[in-house]
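Visitor: I am new to this structure. Would you kindly guide me through it?

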Amino acid sequence: MEKDLTSGSVLKNIFTFSLPYLLSYFLQTLYGMADLFIIGRFEGVASTTAVSIGSQVMHMITVILVGVAMGTTVCIGRSVGAGDKKQAAKVIGNTVTLFMVGSVVLAAALVGLVDPIVRLISTPEEAVAGTTAYLTICFIGIPCITAYNVLASIFRGMGDSRSPMYFIAAACVVNIGLDFFFMGALRLGPAGAALGTTLSQAVSVLLALCVILKHKSIRLSKSDFCPRKATMKDILSIGLPVAAQDGFIQVSFMLITVMANQRGLTDAAAVGIVEKIISFLFLVPSSMLSTVSALGAQNIGAGKYDRVDDILRYAIAIGVGFGAVMALLMQFIAPSVVRPFTSDEAVVLAGAAYIRSYIFDCLFAGIQFSFSGYFCAWGRSGLSFLHNTLSILLVRVPGAWLACRFFPQTLVPMGLAPACGSLFSSIVCILLYRWMKRQNKPTGNKD
């Protein structure tokens with residue numbers, strides 16, 4: 001389970017860690033799509049809409065939980081890199097205590113707020129009942145969802161990105177089977193989709209616990225679960241800015257979606273389709289963020305600071321290389337990429353125009369995501385929050401609004417808004433990186 005990422009080829013370590021992580025992200029995306037596909041086979045538009053809206057709410061909550069758990073990944077990575085298994089055990093124990101207590105409180109609060117949430121997101125009247133049922137069950141199951149993401153962060157902090165991939169793969173298979181049972185055989189509709197999601201996450205948690213108990217590479221004692229102010233402060237000081245940043249990004253996406261909806265059905269459909277396509281392409285830069293965080297944290301713990309900069313450079317090269325290829329390719333195949341999602345040629349043309357400009361966001365994301373991982377590895381996740389917040393407030397959202405107002409006939413300028421936002425973030429990241437280099441940060445290798 002524990003893997004040393006502080007020696008050997010940096011590039012090989014990046015690929016060894018990032019590929020399973022990338023596949024995990026891909027499986028999680030399929031996980032959500034399976035609910036929509038299966039309920040569409042057995043239920044009407046109202047139920048499909050309910051699951052779609054409910055899953056968007058749960059995605060936002062999950063993203064925030066994963067952001068907080070980034071603090072665990074970094075803290076464990078540093079301890080493992082330093083060879084301090086006692087400290088790693090304290091981080092794991094305090095993480096379990098913190099997140100389990102927090103998830104129970106969060107679940108209770110959200111269950112009590114289901115109705116206001118359903119109204120706040122302007123759920124169509126026909127889908128209100130289904131959305132309420134879906135969210136109520138998923139909110140009750142938040143401890144299971146939290147437990148999986150926390151256990152995954154623990155494994156990744158120890159350098160193991162393969163095990164979480166196996167857990168989510170098993171959960172994906174179980175989820176599909178339960179979906180057919182609950183929604184097909186029992187006709188439970190959106191409630192069945194929520195049950196399938198929650199129970200399958202519980203299965204992944206059980207599998208993760210079995211692996212941990214079997215390997216016992218880090219032994220935990222009762223004292224490790226006792227809350228320690230310093231340990232929890234370290235976890236939250238890294239995780240909370242990441243969670244706030246990710247939550248803010250999700251809000252900005254929702255604002256841009258609202259702007260697109262106001263332009264009419266064709267543009268709204270085109271933007272919705274392209275967002276789904278982009279979410280797949282962003283798996284690569286997203287995996288670089290987590291890879292740099294985990295690998296960087298271990299090498300910082302081991303005192304191998306030069307390798308941390310090497311990890312950053314390789315990650316940027318991979319992200320930018322992938323983004324450049326996709327940006328070039330999309331200029332030629334954009335209509336073919338959009339067409340499988342709609343038979344309306346007007347939507348195809350609008351979506352093709354949008355993705356041809358939006359795709360450059362993937363290019364610059366390779367830079368900013370890698371830097372975000374680097375800042376988190378050093379415990380400077382506040383810098384990651386800073387550059388993303390500035391980008392959203394100064395470029396991404398204002399740019400989309402101006403594009404909607406002054407270019408109502410085309411989506412090309414609107415697609416350039418997020419790309420310009422990422423370019424702005426990249427420039428700020430480079431400036432922050434140079435600023436860090438001028439600080440009293442250790443240089444050279446321990447060994």
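Guide: The radius of gyration is taken over C-alpha atoms, and the globule rule is 2.2 Å times the number of residues to the power 0.38. This is a predicted model, in which local features need pLDDT of at least 70 and side-chain atom pairs count only at pLDDT 80 or more, while totals for chains, interfaces and linings use all residues. Residues are numbered from 1 along each chain as its sequence is written, and side-chain values use heavy atoms, without hydrogens and water.

Visitor: What radius of gyration does the protein chain have?

Guide: The chain has 447 residues, so the rule for a compact globule gives a value near 22 Å. The model agrees with this, and the radius of gyration of the protein chain is 22 Å.

Visitor: How many helices does the protein chain have?

Guide: Helices (H or I, at least four residues) and strands (E, at least two) are DSSP runs, numbered from the N terminus. The chain has zero strands, and its helices come to 16.

Visitor: Which helix gives the most to the largest nonpolar core?

Guide: A nonpolar core is a set of buried (under 20% relative accessible area, 1.4 Å probe, protein chains only) Ala, Val, Leu, Ile, Met, Phe, Trp, Tyr and Cys residues joined through side-chain atoms within 4.5 Å. The largest has 67 residues, and Tyr 354 and Met 414 are among those with the most contacts inside it. With eight residues, the element that gives the most to this core is helix 9 (residues 229-261).

Visitor: What share of the residues of the protein chain counts as buried?

Guide: The share is taken over the 447 residues of the chain. Those that count as buried make up 53%.

Notes. Buried < 20%, exposed > 50% of the residue type's maximum accessible area, 1.4 Å probe, protein only.
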